[in-house]
Amino acid sequence: TNEEIHFFCTEKYNVSFTIFDTIDVNGSSADSFYDFLKNEQPGVLGTKNIKWNFAKFLVNKDGKVIKRYSPTTKPEDIESDIENLLS
């Protein structure tokens with residue numbers, strides 16, 4: 001449940017930021033925001049489904065989806081892409 005996730009994150013990782021409720025990102029009940037992201041930046045070979053919850057999307061200040069990253073991409077590996085958007 002959302003409550004169990006919140007408890008786990010605060011107890012194990014001592015997070016203090018807001019944790020959003022879980023939502024569907026694939027299938028017919030997928031949240032419209034994730035449908036938008038997946039349509040703008042499909043995955044490898046045009047796949048749309050998000051395979052794991054650490055998939056990342058880079059969105060510019062105008063709401064354009066610039067790039068999609070695999071779940072295994074480390075945040076520090078996208079630093080230069082973020083810096084390029086900010087310059």
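**Note on surface patches and Phe36**

1. Helix H3 gives the most to the nonpolar patch, contributing three residues. The model is predicted, and the points below should be read in that light.

2. The nonpolar patch lies on the surface and covers about 340 Å². Its members are Ile66, Ile82, Leu85 and Leu86. Of these, Ile82 is placed in helix H3. Its relative accessible area is 34%, so Ile82 counts as partly exposed. Patch residues must have over 30% relative accessible area, and Ile82 has 34%.

3. A second patch carries negative charge. Glu76, Asp77, Glu79 and Glu83 gather there on the surface. Glu79 belongs to helix H3, which spans residues 79-86. With a relative accessible area of 44%, Glu79 is partly exposed. Helix H3 therefore holds both Glu79 of the negative patch and Ile82 of the nonpolar one, each of them partly exposed.

4. Phe36 sits in another part of the chain, in helix H2, residues 32-40. Is Phe36 buried, exposed or partly exposed? Its relative accessibility is 35%, so Phe36 is partly exposed.

5. Which residues does Phe36 touch, leaving aside neighbours within four places in sequence? Phe36 is in contact with Gly63 and Val65.

6. Tyr13 gives a distance for reference. Phe36 and Tyr13 are 23 residues apart along the chain. Their C-alpha atoms are separated by 31 Å.

Note on methods: Residues are numbered from 1 along each chain as its sequence is written. This is a predicted model: local features need pLDDT of at least 70, side-chain atom pairs count only at pLDDT 80 or more; totals for chains, interfaces and linings use all residues. Side-chain values use heavy atoms; hydrogens and water are left out. Patches are made of residues with over 30% relative accessible area and no salt bridge: like charges are joined within 9 Å, nonpolar side chains (Val, Leu, Ile, Met, Phe, Trp, Tyr) within 5 Å. Accessible areas come from the Shrake-Rupley method with a 1.4 Å probe; for residues, only the protein chains shown count as cover. A salt bridge is a side-chain nitrogen of Lys or Arg within 4 Å of a carboxyl oxygen of Asp or Glu. Lys and Arg count as positive and Asp and Glu as negative; His and the chain ends are not counted. The place of a charge is taken as NZ of Lys, CZ of Arg, CG of Asp or CD of Glu. Helices (H or I, at least four residues) and strands (E, at least two) are DSSP runs, numbered from the N terminus. Buried means under 20% relative accessible area, exposed over 50%, partly exposed in between (1.4 Å probe, protein chains only). Contact means heavy atoms within 4.5 Å.
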